[in-house]
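Good morning, everyone, and thank you for making room for this short presentation. Please take a moment with the sequence and the model before I begin.

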Amino acid sequence: MYRWDEGARISAAGSRGVEGLGLLVVELGRGTVKVRQTFRRCARNSAGCEGTRAIRAGHCGHANGLPQSRRAKCTSERCCPPSAAGVRGRPGLPLFAQPPCSACPLGFRVDPFTDYGSSLTVSLPAALQPHQPFQIIVRYTTADGPAIWWLDPELTYGNAKPFVFTQGHSVCNRSFFPCFDTPAVKCTYSATVKAPAGIQVLMSATQSSYLEEEGVYQFYMEYPVPAYLVALVAGDLIHADIGPRSRVWAEPCLLPTAISKLSGIVERWLTAAESLYGPYIWGRYDIVFLPPSFPIVAMENPCLTFIISSILESDEFLIIDVIHEVAHSWFGNAVTNATWEEMWLSEGLATYAQRRITTETYGAAFTCLETAFRLDALHRQMKLLGEDNPVSKLQVKLEPGVNPSNLMNLFTYEKGYCFVYYLSQLCGDPRHFDSFLRAYIEKYKFTSVVAQDLLDSFLNFFPELKETPCSTFLVLLIPGLEFERWLNATGPPLAEPDLSQGSSLTRPVETLFKLWTTEPLDSVAAASSVDLTKWRTFQTVLFLDRLLDGSPLPHEVIKKLSECYSSQLDSMNAEIRIRWLQIVVRNDYYPDLYKVRRFLENQMSRMYTIPLYEDLCTGTLKSFALEIFYQTQNQLHPNLRKTIQQILSQGLNPLPAIDTTAVTTDTPAMVLEDKVSEATNGAISLRDVNVSA
């Protein structure tokens, strides 16, 4: 793991928002995180306290669940109010209060909570009067945690400088700083970051400045956000403006590609979103492309979307992923689900808004094609998990001790989307529903909500849908469909959208699939019916996904498919190539296995390695997978390396040492010793489960 040559200092402070969050001072350096957290609130007689003189300060995250050292002290703002002086170079940017001289130690305790965090309770002084402002400063030191990802230079594209980024969703930021790590609590924050020369620092903040002579960056988020949306990235990053309120950040070698892909069109998406849902409230919308070690596809951090650089290969996936994060600016960031049990309130609404934006900018056919592709993946996940699985509910029950990240699945996105789409159909016109969502955002922005808030607002906006004046979770006018079943029934969506407007794009896919899977095979007719190079990416991946669902295929079919398409697919983007290679693996088609090796030798991204290793280990090719892994493991991030090791070790003794210098052949024939797994026919890769935030 890389350690900064100089200590990196990060400070953050909340200045308004939900009562209970406040000054945060974090020092990052030499492999440890030192934190000073100040909670600012007014004393109350009983509300919000344990007894009358205690405050439950949330979760202190740590790799092992506990801080290594802790101290707490209390200060009264009556004695020494915090400074509100402006930062040099940007007047009005809040600075941090210096610890007042009246600070006193406080009693506290750290209680077990779960394996991913502990509960911190601080006792307040008996002399503190009700409604008297006060601060609590918490200092602690912890080792590496799941929120902070340190990269050696060789794990970046430029191989020149180290890199660090944070990923807070869902509950990882408790390992970055002590916080009320729940989406129900929001606050503003400020941050001061000192980094070595040549390292650019960015955060999810509305204001920023840089004091070059001191090497200090200062940030301020003026709107309240939940803890998981506090984000930081630092590395060899440069930028270019791509619109009047947008710029793209990337490593120097990637910046020209990022500019060519996004210049001018992000503003088009923002304008379309504003026409539907009201003003964009966050000021700037910037994008930073992260190295392949970024563990998800994209993250909607306010003002600064994080996105994996690997997605630059595919224009259409890039479009959809960025527009989805744009939609989160309204649904998820401005209005947030108050509980992780109802993540669909962010993801389902953001997916609906994403598709409204793509319909406005790219037409209904393209939107329907992308929706068909995602709904196929939803039904694939249903096959994997089973229709009675409780995680398929929209209001999934979060049992004590369960990490909310484990509830992230396609039901959150696609079943949530189908419910929102259903609501839009009840009011008869999507534009009327747009008006409702605009009013919903205006009413609840900067707050957190539950499903009841959304549905009550919906029925108040469309009173004609009520059966009785006071009904809640009522049976609606369409027989058999009601809110209660949508929210609490397991299984697939109760209704899916009409995708007929996309038939011009989806029908050729269905026709080609039937040609290749109908017996007897007419390979000449199938091969001559379509030129894949003329298809959209989503058409090709939809076709390949359906071949994956039908695998293993007859040997004659896979042989002819390879003869017709393999060389064409070699020149296409990684989203297409990985699907073809999964078909190769699931069908044990040895002539193309060298392409699997070549692909994995050049990939460092979780999204393009995990699915192939899972498929290799499901069938007869586990030894081949071991061989490739031992050749490539040093180019993988330690977290990814550990995940692949877990996949490889399933059903095996501890992984044996392999002399990688002796492995030179491109054919796996000499190492194919495992028996075929009974699960081969029903194999469904976790690629069908992992989704972006």
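What percentage of the residues of the chain count as buried? Of its 693 residues, 59% count as buried, where buried means under 20% relative accessible area, exposed means over 50%, and partly exposed is in between, with a 1.4 Å probe and protein chains only.

Before going further, I should say that this is a predicted model, in which local features need pLDDT of at least 70 and side-chain atom pairs count only at pLDDT 80 or more, while totals for chains, interfaces and linings use all residues. Residues are numbered from 1 along each chain as its sequence is written, and side-chain values use heavy atoms, with hydrogens and water left out.

The secondary structure of the chain comes to 18 helices and 23 strands; these are DSSP runs numbered from the N terminus, helices being H or I with at least four residues and strands being E with at least two. If we take contact to mean heavy atoms within 4.5 Å, then among contacts in the chain with a separation of 6 or more, 72% are between residues 24 or more positions apart.

Let me turn to the sheets. Strands of a sheet pair through backbone hydrogen bonds, either parallel or antiparallel, and here two strands pair if DSSP finds at least two bridges between them. One open sheet has 5 strands in the order β17-β18-β19-β21-β20, with mixed pairing. Its edge strands are β17 and β20 (298–299), each of which pairs on one side only.

Starting from β17 (residues 238–243), a hairpin leads through 2 residues into β18, and these two strands pair in the antiparallel sense over 5 bridges, with I238 standing opposite A250. Strand β18 (residues 246–250) is largely enclosed by the rest of the structure, because 4 of its 5 residues are buried. On to β19 (residues 286–290): β18 pairs with this strand in the parallel sense over 2 bridges, and W249 stands opposite V288. The pairing of β19 with β21 (residues 304–308) is parallel too, over 5 bridges, and there L290 has I308 as its bridge partner. Helix α1 (residues 255–262) lies across β17, β18 and β19, running at about 10° to β17, where axes are lines fitted to C-alpha atoms, for helices over the stretch in contact, and angles run from 0 to 180 degrees between N-to-C directions.

Elsewhere, β12 (residues 186–194) has 8 of its 9 residues buried, and this strand pairs with β15 (residues 216–226) in the antiparallel sense over 8 bridges, S190 having Y220 as its bridge partner.

Now for the helices. How many of the 17 residues of α6 are buried? The count is 16 of 17, so to speak a mostly covered helix. At its N-terminal end α6 is capped by N409, a side-chain oxygen of which lies 2.8 Å from the backbone nitrogen of F411, and just after the helix G428 takes a positive phi of about 90°.

Finally, the axes of α15 (residues 593–601) and α16 (residues 606–618) come within 10 Å and cross at roughly 145°. Where they meet, V596, F599 and L600 of α15 are in contact with Y608, T609, L612, Y613 and L616 of α16.

Definitions and conventions. Polar contact = N/O pair within 3.5 Å; in protein donor to acceptor, adjacent residues only side chain to side chain.
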